[in-house]
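Visitor: Got a minute to walk me through this one? I'd like to start with the sheet and then move on to the packing.

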Amino acid sequence: MSVSVDPTSVEPSANRPADALRPHAEEAFAAELAALAAQDDRPRPARWKLSPWAVATYLLGGVLPDGTVISPKYVGPRRLVEVAVTTLATDRALLLLGVPGTAKTWVSEHLAAAVSGDSTLLVQGTAGTPEEAMRYGWNYAQLLAHGPSRDALVPSPVMRAMAEGATVRVEELTRIPADVQDTLITVLSEKTLPIPELGQEVQAVRGFNLIATANDRDRGINELSSALRRRFNTVVLPLPESVEAEVDIVARRVDQIGRSLDLPAAPEGIDEIRRVVTVFRELRDGVTSDGRTKVKSPSGTLSTAEAISVVTSGLALAAHFGDGVLRPGDVAAGILGAVVRDPAADRVVWQEYLEAVVRERVGWTDFYRACREVSA
């Protein structure tokens, strides 16, 4: 026997502030999604808001026939996005895999927003994520008063997505305990979620799918069982291929975040963004950009996301305590905090890099002095 789940039992838009600090993707880019939907005449899978082509255009950016500009949400290989979108158009779940800072969560949110118009069906994976987060829970007042019943059941985001034909997101899947992970096997293979207490089940309707993200630095923590891994099509999101690509990503996100925080634009800040990105890439790769000098890598990941954080903090410093222009002194402390995670080992790595690379680089004297000052 199957059971229906009332989609309004937990209203995703209830009590949502009009001036939210970080609007969901479907709210922040509502105009772009509406423009795409209006001009999208291609076939759409069941319950999709856009066609696969339009979803890919939303993520990668482009110009519509009427001149509407769609901003790129992800800068990377087009084929990866196409494979991810195509996977969601089938009955196979999608696993976005990559090192920290490769925009896995960002991509999963925008995919859900474009496909279902709702990115809020989310399970955040942690070491303490319970089975109820994947399946369902109970309203214990109702349970004690009347016993197991439909009214006492509290659906999980996964159950709601199955009933609504929507996309659900599971973040940091490999941080979830293995026995909780495996509750997804039946959901992904049989497209059903049994409720043995009621002798019922929830069957997924067309349009349902699941996007999971996992950090490949977490191998050995809670690795996926072979049975669960087979239910996913895995797409590995790489680090940006070039300095210019990463600078572009950082500049776009800093601009978006800055506008949300009412920070002034930093038209002259691109040089500092390029320096931050260059430092992070060289320390991450263990070699300078010209390939001539090997350097030690610190313990941290030095991801693109961390570069965005460093530059955003620097922009705030420049706005509130400077002249509004992003300068080396505004980003130096943030770089130090990102690089030196282990006070003993990482500080040595940073000092060696400063003296061997930054000090000798033409045009970087002011940057070197700022970094030396905060490192003292």
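Guide: Sure. Keep in mind that this is a predicted model. There's an open sheet of 5 strands, in the order β4-β7-β10-β3-β11, and the pairing is parallel.

Visitor: Which are the edge strands?

Guide: β4 (122-124) and β11 (232-236), each of which pairs on one side only.

Visitor: And what does the twist average from one strand to the next?

Guide: The average is 20 degrees.

Visitor: Let's look at β3. How many of its residues are buried?

Guide: 6 of the 6 residues of β3 are buried, so the strand is largely enclosed by the rest of the structure. Ala-93, Leu-95 and Leu-97 point one way, while Leu-94, Leu-96 and Gly-98 point the other way.

Visitor: How many bridges join β3 to β11?

Guide: 5 bridges, with the two strands running parallel. In that pairing, Leu-96 sits opposite Val-235 of β11.

Visitor: What about β3 and β10, over how many bridges do they pair?

Guide: They pair over 5 bridges, in the parallel sense. Leu-95 has Ala-212 in β10 as its bridge partner.

Visitor: And β7 with β10?

Guide: Strand β7 (residues 167-171) pairs with β10 (residues 209-215) over 4 bridges, again in the parallel sense. Val-168 stands opposite Leu-210 there.

Visitor: OK, helices. What does α7 touch on the sheet?

Guide: α7 (residues 157-164) packs on the sheet and touches β4 and β7. The direction of α7 makes about 160 degrees with that of β7.

Visitor: Which strands does α4 lie across?

Guide: Helix α4 (residues 78-88) lies across β3 (93-98), β10 and β11. Relative to β11, α4 runs at about 165 degrees.

Visitor: Switching topic: in the largest nonpolar core, which residues touch the most other members?

Guide: Val-279, Phe-280, Ile-335 and Trp-350, out of 36 residues in that core. The elements giving two or more residues to this core are α11 (243-260), α12 (270-285), α13 (304-321), α14 (328-339), α15 (345-358) and α16 (365-375).

Visitor: Take Ile-335. What is it in contact with, leaving aside neighbours within four places in sequence?

Guide: Ile-335 contacts Val-276, Val-279, Phe-280, Val-310, Trp-350 and Phe-367.

Visitor: And the second core, how many residues has it got?

Guide: That separate core has 33 residues, among them Met-134, Val-158, Leu-173 and Phe-208.

Conventions. Residues are numbered from 1 along each chain as its sequence is written. This is a predicted model: local features need pLDDT of at least 70, side-chain atom pairs count only at pLDDT 80 or more; totals for chains, interfaces and linings use all residues. Side-chain values use heavy atoms; hydrogens and water are left out. A nonpolar core is a set of buried Ala, Val, Leu, Ile, Met, Phe, Trp, Tyr and Cys residues joined through side-chain atoms within 4.5 Å. Buried means under 20% relative accessible area, exposed over 50%, partly exposed in between (1.4 Å probe, protein chains only). Contact means heavy atoms within 4.5 Å. Two strands pair if DSSP finds at least two bridges between them. Axes are lines fitted to C-alpha atoms, for helices over the stretch in contact, and angles run from 0 to 180 degrees between N-to-C directions.
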